[in-house]
Amino acid sequence: MSARNGGRILVDQLLAQGVERVTCVPGESYLAVLDALHDAAIDVITCRAEGGAAMMAEAYGKLTGRPGICFVTRGPGATNASHGVHIAMQDSTPMILFVGQIETGMREREAFQELDYRAVFGSMTKWTTEIDTPDRIPELVARAFRVAMQGRPGPVVIALPEEMLVAMAEVPDVPRVEPAAPVPAPADMERLAGMLAEARRPLAILGGSGWTQAAVDGFAAFAERWSLPVCTSFRRADRFPWDHPCYAGDLGIGPSPSLTKRVKEADLLLLVGGRMSEMPSGSYTLLDIPVPKQRLVHVHPGAEELGRVYAPALAIQASPHAFCAALPAVAPPAAPGWGNATPQAHADYLDWSGTARSLPGDFQYGEVVCWLRDHLPPEAILCNGAGNFAGWLHRHHRFSRLGTQLAPTSGSMGYGVPAAVMAKRQCPDAPVIVVAGDGDFLMNGQEFATAVQHDIPIIAVVVDNGMYGTIRMHQERDYPGRVSATRLKNPDFAAYARAFGGHGETVHRTEEFAPAYERAIASGKPAILHCMLDPRALSVARDMPEGAVP
Ligand SMILES: Cc1ncc(C[n+]2csc(CCOP(=O)(O)OP(=O)(O)O)c2C)c(N)n1
Ligand SMILES: [Mg+2]
C-alpha cells in the first residue's frame, strides 16, 4: 500500500462510494482536494455561490437516493451553504457537505474564517464531525455515507482541517456503503390487511424520501388491487402517477377542499414515507395530536419519526421501497368496503387540477402552466423554489414519474435554478424547466452562469409580478393598505440571460409563450422566459382585493 495525502485519500473514498459528480465553490482551505479531483473521473460543477452549490448537491440526493456531495470553504462558504443543508434536513435528503477548516494548531483564537462547525450545524444535520488525521478519512467518510442514507435520510457536514489534507497516511479504502433497509414484519403486513378490510373511508398519503420507481409502481399496483384512494404530500406529487384511477391529488398549500375533507373524515390513514408536518397537515389541523381520530398506519424508515408527533395505531419501520416490496402479500377482500369513493376522489382531482381560472391582465399564467402540462413529455422535470407563483404549478401540473418534481418542502426560495442545473446534468435528455418568481429567481439566479459555463440548457420561466407577492398577500390580509418592503424593481431578465450567454425573451401575452418556449428549446442554450404577470393576480386562488394600493 502506498502513502497518499489526505486530499487524495478523500477523493478515493468518493470514487469507492460511486460518486460521479460533486459541486463546489473552491477555497484555499481545501486545495489538496481540488488537486486530487484534477485526476479523478468525477464531474466537478463549479458554482457561483455556496447556497447554489449546496442546493445542487441536495437535488442530486433527491434524484438518486445517494448523498449529493458539495465542497465549500471555511466560515463564509459554510454559512452560505447552510441554506442547502437546511433543505436537506427538512426534506430528508441524503447529502454530505465537506467544509475547509483552519489549521488545528490555530484553534480557539478565532483564526481567519474559523467556525465551530458542530455548534453551527448541530441542529440542522444528522451528524457534524471533523476529521483530525488522514488515516481516519476512509472510516469517517464511509460512516457519513451511511448516516446520510440510513434511517431517515439527511445531511452530514464534515470539516477538513487544512494540515490534515496534506498529511500522508497509508490506509485502505472502504467499499461502497449500502444502507441497511429494515423490512416490514409479515405480521404487521397482515395487521395492515385486516385494518384495511375493516375500513370504510381509508386514504393513503405518500411522501418523504426513499422512493424508487419500482416502489411507486408497486404502490400503484397495490392501490389498484384494493381500489384505494391515494394522495401525495406537499411537493411530493411525483410519488404517484396522476392518471392512475386511484389518484386523489396532493396535500399542498391551499389543497383541494374535497381532499382535505377526505383526510379529516378518513377512518384509516396509511402514511408512507412522510411525516405530515406543518404544510401537508394544514398547520397540524387535519390530524389530532397526539392521538389522531383516524387510525394511523405510519410507515417510515426512521424509528425516531414513528410516534414523534402522531400516535400511530400501527407503526412500521421501513423505507417506502422496502414497504412497497412487501405489498404483494397484502391481498384484498372480494370487494373493498368503500364503494365508489375512489373513482369519485380521482374525478374530484381531475376537476380541481384541470382548467386554470382567468386572471387580470394579458398574461394568463394558469393557461401557460396548463399548456406546459399538456405539451411536455412525461420525463420532463419541473423545479421551483418558494412563492405564490408555485401555486399554479402545484395545482395544474400533472406528474407521471418519480424524480420529475424538484421542490423544497422546506419552502426555501432560490431552489429552482440550482436544482434544475443538477437535474439537467443528471438527465440530459429530459426537458428541465425552472418555474421561478421574480423574487425567488434572484436568490440563486447567479447559477444561470453555472448552466452557461457547463453547457446545461435549462429553461427558466420567471414569473414577474414586481413584488414578493406571497408576503404582500399576507400583508393585504393582516395589514391592508400598508405595503411594506414587498415591492420589487426588477432587471430585464431576458437581457440578463443574454448577458450571461444564454437565450432570453420577454413574454407579455399568453399567446407569445408557446413560440418563445419553442425558440428557447431550439436555441440549445440555457434560457430565461421573462413573463410579465399582472400584480393583481395575487395567487392561484384569488386576486388582489379591489381598491388595493398599487
Ligand atoms: C430563503 C427564503 N427567504 C424568504 C422567504 C419568505 N418568502 C416566502 S415567499 C416570498 C416571496 C416570493 O416572491 P416571488 O418569488 O416573487 O414569488 P411571488 O410570491 O411574487 O409569486 C418570501 C420572501 C422564504 N420562503 N425563503
Ligand atoms: Mg413575485
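**Close-ups: a magnesium site, a pocket and a surface patch**

Asp438 and Asn465 are both buried (under 20% relative accessible area, with exposed over 50% and partly exposed in between; 1.4 Å probe, protein chains only). This is a predicted model, so local features need pLDDT of at least 70 and side-chain atom pairs pLDDT 80 or more, while totals for chains, interfaces and linings use all residues. Numbering runs from 1 along each chain as its sequence is written, chains are lettered from A and ligands numbered from 1 in written order, and side-chain values use heavy atoms, leaving out hydrogens and water.

**View 1. Three residues hold the magnesium ion (ligand 2).** Asp438 (OD), Asn465 (OD1) and Met467 (O) coordinate the ion at 2.0 to 2.2 Å. Donors here are N, O and S atoms within 2.8 Å of the metal (3.2 Å for Na, K and Ca); water is not among the atoms, so sites may look incomplete. Along the chain, the donors are spaced D-x26-N-x1-M. Asp438 sits in helix α16 (residues 438–443) and Asn465 in the loop between β18 (459–464) and α18, so this pair, 27 residues apart, links distant parts of the chain. Helices (H or I, at least four residues) and strands (E, at least two) are DSSP runs, numbered from the N terminus.

**View 2. Helix α18 contributes to a nonpolar surface patch.** Met443, Tyr468 and Ile471 make up the patch, with about 260 Å² of accessible area together (Shrake-Rupley, 1.4 Å probe, only the protein chains shown counting as cover). Patch residues have over 30% relative accessible area and no salt bridge (Lys or Arg side-chain nitrogen within 4 Å of an Asp or Glu carboxyl oxygen); like charges are joined within 9 Å, nonpolar side chains (Val, Leu, Ile, Met, Phe, Trp, Tyr) within 5 Å. Ile471, in α18 (residues 469–478), is partly exposed at 45%.
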